[in-house]
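New to this one? Here is a relaxed walk through a single lysine, the helix that carries it, and a couple of pockets.

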Amino acid sequence: MYITGLPDLLIEPVVRDALREDLGLAGDVTADAVILPRARFKAEFKAREAGILSGIDCARLAMSLMDPHIRFEIVKPDAAEVVAGDVIARVEGNARAILAAERVALNLLSHLSGVATLTHTYVRLVEDLPTRIACTRKTLPLLRGLQKHAVKCGGGHNHRYGLDDAILIKDNHIAICGGVEKALELAKASAGHTLKIEVEVDSLAQLKQALPFRPDVVMLDNFNLEQLREAVALVKGATLLEASGGVNLDTVRAIAETGVDVISVGALTHSAPVFDIGLDAV
């Protein structure tokens, strides 16, 4: 799989703020105390387990923002599959600058690779089925773009990026409007011809109420397997069906086998384990 990296313009504000947070008001007082100003350092980013990479450009930017003269060689790009011991990147330059950027580089690279690796695990469980694995808006504040990129690196798909790129009518919208039908009627009247409409339903009865309005997607919230199968049979491909809720590595295969088109998994971004990566001197 080939995944293009995110533009530096989008990554840089996150990396710059992370460096500012770590450096505080006085900078790296440890490195300043024990390392000579012109000391050089050569090191390698190495994987310490098997998985999928994401966030290598965050590590590169962390280094270059501390010192633009640092040499950073990417050995394994985003979406690459690695095993323990693989060299991911090589860095060489001013020792103080490299050490000051080390933690930010590793934090972002390890977290995003964790998201990509967890996504890949889900995708592999359903890879022989047409069902897509998608993330949600349950992302860490200010890291949404990076996390959604990591999901793509793992072979998953993205849901909405924000509140402004699709109409998604959820249970609270329905409660305030007074029902599925009224909510969809209002959404249809408001939406432009390019704006997709998705509605969340929590019962087959609500699904039947939604179908005459021909929403682009129906989210089946916390349906059990039998209900999912009934929903697929009822809809007969007339609209995309998304299963949500109760999804984990033990249940995702059975959910996909019901015939739903998409399974959304909040855990991809809000609960991904950190992928173990180290920066080792050479």
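## A lysine tucked inside

The side chain of Lys 148 reaches the backbone oxygen of Arg 160 at 2.9 Å. Bear in mind as you look around that this is a predicted model.

So where does this lysine sit? Lys 148 is part of helix α5, which covers residues 144-153. Buried or exposed? Lys 148 counts as buried because its relative accessibility is 0%, and the cut-off for buried is under 20%.

Now for the company it keeps. Setting aside neighbours within four places in sequence, Lys 148 is in contact with Cys 135, Thr 136, Asn 158, His 159, Arg 160 and Tyr 161. Another residue to find in the viewer is Arg 137: it is 11 residues away from Lys 148 along the chain, and the C-alpha atoms of the two are separated by 9.1 Å.

Step back to the whole helix. α5 is mostly covered, with seven of its 10 residues buried. Besides Lys 148, the buried residues of α5 are Leu 146, Gln 147, His 149, Ala 150, Val 151 and Cys 153. What do they pack against? The partners of these buried residues are α1 (8-23), β2 (51-52), α3 (56-66), α4 (95-125) and α11 (267-270). After α5 comes Gly 155, which has a positive phi, near 95°.

On to the pockets. The largest pocket has a volume of about 580 Å³. Among the 24 residues lining the largest pocket, Val 14, Leu 108, Leu 142, Leu 143 and Leu 146 are the closest to its centre. Two or more lining residues each come from α1, α4 and α5, and α1 gives the most, with seven. Leu 146 is worth a second look: this residue is also one of the buried residues of α5.

The second largest pocket has a volume of about 460 Å³. Of its 17 lining residues, Asn 158, His 159, Lys 196, Val 217 and Leu 240 lie nearest the centre. The elements giving two or more residues to this lining are β6 (132-134), β8 (197-201) and β10 (240-244). Asn 158 and His 159 may ring a bell, as both are in contact with Lys 148.

Here are the two linings by residue class.

| Pocket | Nonpolar | Polar | Charged |
|---|---|---|---|
| Largest pocket | 13 residues | five residues | six residues |
| Second largest pocket | seven residues | three residues | seven residues |

Terms used. Residues numbered from 1 in each chain as written. Predicted model: local features only at pLDDT ≥ 70, side-chain atom pairs only at ≥ 80, totals over all residues. Heavy atoms only, no water. Helix = DSSP H or I, 4+ residues; strand = E, 2+ residues; numbered from the N terminus. Buried < 20%, exposed > 50% of the residue type's maximum accessible area, 1.4 Å probe, protein only. Contact = heavy atoms within 4.5 Å. Polar contact = N/O pair within 3.5 Å; in protein donor to acceptor, adjacent residues only side chain to side chain. 1 Å grid on protein atoms, 1.4 Å probe; cavity = no way out; pocket = protein on both sides within 12 Å on 5 of 7 lines; lining within 4 Å. Points joined across faces, edges and corners; volume = space filled by probe spheres on them. Nonpolar A, V, L, I, M, F, W, Y, C, P; charged D, E, K, R; others polar.
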